[in-house]
Amino acid sequence: MRLLNVYTRRLEEFTGDLCDRPRPEYAKIRGCCEQAIRDGYDYVWVDTCCIDKGSSAELSEAINSMFAWYRDADICYVYLVDVPTGEDPFEKDSAFRKSRWHTRR
């Protein structure tokens with residue numbers, strides 16, 4: 001398994017993989033690392049970059065293990081691209097309640 005170092009944003013166990021790319025879809029990785037630092041963690045596991053998709057065995061193991069990993073995690077961060085920060089998710093018409101995440105199946 002590879003873990004992402006929250007300070008360097010480098011995957012450890014394998015060398016040279018950097019998950020801090022200047023593309024908008026990597027905002028979740030940057031935000032996850034920043035939040036983990038605030039929460040006192042040194043490493044995070046992000047499915048986007050911590051699974052070696054070139055290895056069918058690792059990909060299969062990860063897919064079959066994700067439920068247990070998320071269930072047993074000390075903390076689980078969720079990035080919802082369509083939910084702005086600072087909004088009260090308990091409000092009836094909040095962006096959180098309207099998030100497309102709630103419609104995924």
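Take "buried" as under 20% relative accessible area, "exposed" as over 50%, and "partly exposed" as whatever lies in between. With that in hand, Lys28 is easy to place: its relative accessibility is 27%, so Lys28 counts as partly exposed. Keep those three words in mind, because the same cut-offs of 20% and 50% apply to the residues discussed below. One caution before going on: this is a predicted model.

Let's start with the overall layout. The protein chain has four helices and three strands. Reading from the N terminus, the order of elements is β-β-α-β-α-α-α. The chain has 105 residues, and 26% of them are buried.

Now for the inside. In soluble globular proteins, nonpolar side chains tend to be buried together. Here the largest nonpolar core holds 16 residues, and the members that touch the most others are Leu4, Ile29, Cys33, Val44, Val46, Cys49 and Cys50. Three elements give two or more residues to this core: helix H1 (27-38), helix H2 (47-50) and helix H3 (56-72). H1 is the top contributor, with four residues.

Val46 is a good one to click on. This core member sits in the loop between strand S3 (43-44) and H2. Its relative accessibility is 8%, so Val46 counts as buried. Look across from there to Cys32: the two residues are 14 apart along the chain, and their C-alpha atoms are separated by 8.4 Å.

Next, the charged pairs. Side chains of opposite charge can pair when their charged atoms come close. With a cut-off of 4 Å between a side-chain nitrogen of Lys or Arg and a carboxyl oxygen of Asp or Glu, the count comes to three salt bridges.

Which residue does Arg9 pair with in a salt bridge? The partner is Glu34, and the closest N and O atoms are 3.8 Å apart. This pair links distant parts of the chain, since Arg9 belongs to the loop between S1 and S2 while Glu34 belongs to helix H1, 25 residues away. Is Arg9 buried or exposed? With a relative accessibility of 16%, Arg9 falls under the 20% cut-off and so counts as buried. Glu34, on the other hand, has a relative accessible area of 34%, so Glu34 is partly exposed. Arg9 has another feature to check in the backbone: its phi is near 55 degrees, a positive value in a residue other than glycine. The loop that holds Arg9 runs between strand S1 (3-5) and strand S2 (11-12).

Back to Lys28, where we began. The side chain of Lys28 meets that of Asp47 in a salt bridge, at 3.9 Å from N to O. Lys28 lies in helix H1 and Asp47 in helix H2, so this pair ties together parts that are 19 residues apart in sequence. Asp47 has a relative accessible area of 27%, so Asp47 is partly exposed.

The remaining salt bridge joins Asp72 and Arg71, with the closest N and O atoms 3.0 Å apart. Both of these residues are exposed.

Helix H3 also offers a aromatic stop on the tour, Trp69. At 28% relative accessibility, Trp69 counts as partly exposed. How far apart are the C-alpha atoms of Trp69 and Trp45? They are separated by 9.5 Å, although the two residues are 24 apart along the chain.

Move on past H3 and you reach Asp74, in the loop between H3 and H4. Asp74 has a relative accessible area of 71%, which is over the 50% cut-off, so Asp74 is exposed. Asp74 and Tyr41 are 33 residues apart in sequence, and their C-alpha atoms are 10.0 Å apart in space.

That same stretch brings us to the last stop, on the surface. Glu87 is found in the loop between H3 and helix H4 (95-98). Its relative accessibility is 36%, so Glu87 counts as partly exposed. Which residues gather with Glu87 in a patch of negative charge on the surface? They are Asp88, Glu91 and Asp93.

Definitions and conventions:
Residues are numbered from 1 along each chain as its sequence is written. This is a predicted model: local features need pLDDT of at least 70, side-chain atom pairs count only at pLDDT 80 or more; totals for chains, interfaces and linings use all residues. Side-chain values use heavy atoms; hydrogens and water are left out. A nonpolar core is a set of buried Ala, Val, Leu, Ile, Met, Phe, Trp, Tyr and Cys residues joined through side-chain atoms within 4.5 Å. Buried means under 20% relative accessible area, exposed over 50%, partly exposed in between (1.4 Å probe, protein chains only). Patches are made of residues with over 30% relative accessible area and no salt bridge: like charges are joined within 9 Å, nonpolar side chains (Val, Leu, Ile, Met, Phe, Trp, Tyr) within 5 Å. Accessible areas come from the Shrake-Rupley method with a 1.4 Å probe; for residues, only the protein chains shown count as cover. Lys and Arg count as positive and Asp and Glu as negative; His and the chain ends are not counted. The place of a charge is taken as NZ of Lys, CZ of Arg, CG of Asp or CD of Glu.
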